[in-house]
Amino acid sequence: YTAGYRKNSPLEIDNWVQDNVLPHIEQYALLDDADFKSLTSSLITSNLPMWAHCGYILEGGLISACLADDSQRFRRPYYLHDLATVLVILGEEKPESDDAYIEKHGLTEWLPVGHPHDPVYDCLVSALVLDHALSRLTLK
């Protein structure tokens with residue numbers, strides 16, 4: 001997430017982001033352009049599957065940045081796996097909400113310490129939901 005709010009970011013910071021996101025990422029260093037380029041290069045060459053909670057907004061911007069380097073066109077992360085799509089397949093009513101899924105399936109005791117929109121907390125919560133959802137998917 002913080003990669004989307006790098007120094008000289010092309011993203012517009014609206015009131016919602018100002019109130020709900022920025023207070024939770026102040027503890028993380030914002031990346032300058034060179035560090036952001038290094039991050040996207042690492043993602044391109046990692047060959048790791050890329051998961052996002054919902055594959056748009058910041059996640060989509062990060063993937064777009066990875067795709068911008070034409071010299072790496074055959075090493076790009078072509079597939080973005082999307083947690084929200086898994087939740088749609090499972091018939092969840094609010095696939096965009098980790099909170100709704102966690103409440104519905106009684107996973108609150110497994111929540112990490114933190115606050116929504118802190119990137120580390122959000123990753124851990126999405127991983128919890130993904131792990132649970134994938135276990136349900138394989139049972140169908």
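Reader: Before we look at Arg136 and Glu92, what is a salt bridge here?
Author: Happy to start there, and please keep in mind that this is a predicted model. The term describes a side-chain nitrogen of Lys or Arg that lies within 4 Å of a carboxyl oxygen of Asp or Glu. Arg136 forms such a bridge with Glu92, and the closest N and O atoms are 2.8 Å apart.

Reader: How many residues apart are Arg136 and Glu92?
Author: Arg136 belongs to helix α7, while Glu92 sits in the loop between α5 and α6. Their pairing links distant parts of the chain, and the separation is 44 residues.

Reader: Which residue forms a salt bridge with Glu92 at 3.3 Å between the closest N and O atoms?
Author: Good one to check on the model. The structure holds 2 salt bridges. With the closest N and O atoms 3.3 Å apart, the partner of Glu92 is Lys104.

Reader: Why does the pair of Lys104 and Glu92 tie together parts of the chain, and how many residues apart are they?
Author: Lys104 lies in helix α6, whereas Glu92 is in the loop between α5 and α6. The pair therefore ties together parts whose separation in sequence is 12 residues.

Reader: Is Glu92 buried or exposed?
Author: Let's take the members of the network in turn, since Glu92, Lys104 and Arg136 are linked by salt bridges. Lys104 is exposed, at 52% relative accessible area, and Arg136 is partly exposed at 22%. Buried means under 20%. Glu92 has a relative accessible area of 9%, so this residue counts as buried.

Reader: Which helix gives the most residues to the largest nonpolar core?
Author: That core has 13 residues, and among those with the most contacts inside it are Leu83, Leu87, Ile102 and Val129. At least two residues each come from α5 (83-89), α6 (98-104) and α7 (119-137). The top contributor, with 6 residues, is α7.

Reader: Which Arg is in contact with Tyr101?
Author: Tyr101 is also listed with the residues that have the most contacts inside the core. Leaving aside neighbours within four places in sequence, Tyr101 touches Leu87, Leu107, Val129 and Ala133, among others. Its contacts also include His132, Glu92 and the Arg you asked about, Arg136.

Reader: How far apart in space are Thr85 and Pro95, C-alpha to C-alpha?
Author: Thr85 is found in helix α5 and is partly exposed, with 44% relative accessibility. Along the sequence, Thr85 and Pro95 are 10 residues apart. In space, C-alpha to C-alpha, the distance between them is 7.3 Å.

Technical notes: Residues are numbered from 1 along each chain as its sequence is written. This is a predicted model: local features need pLDDT of at least 70, side-chain atom pairs count only at pLDDT 80 or more; totals for chains, interfaces and linings use all residues. Side-chain values use heavy atoms; hydrogens and water are left out. A nonpolar core is a set of buried Ala, Val, Leu, Ile, Met, Phe, Trp, Tyr and Cys residues joined through side-chain atoms within 4.5 Å. Buried means under 20% relative accessible area, exposed over 50%, partly exposed in between (1.4 Å probe, protein chains only). Helices (H or I, at least four residues) and strands (E, at least two) are DSSP runs, numbered from the N terminus. Contact means heavy atoms within 4.5 Å.
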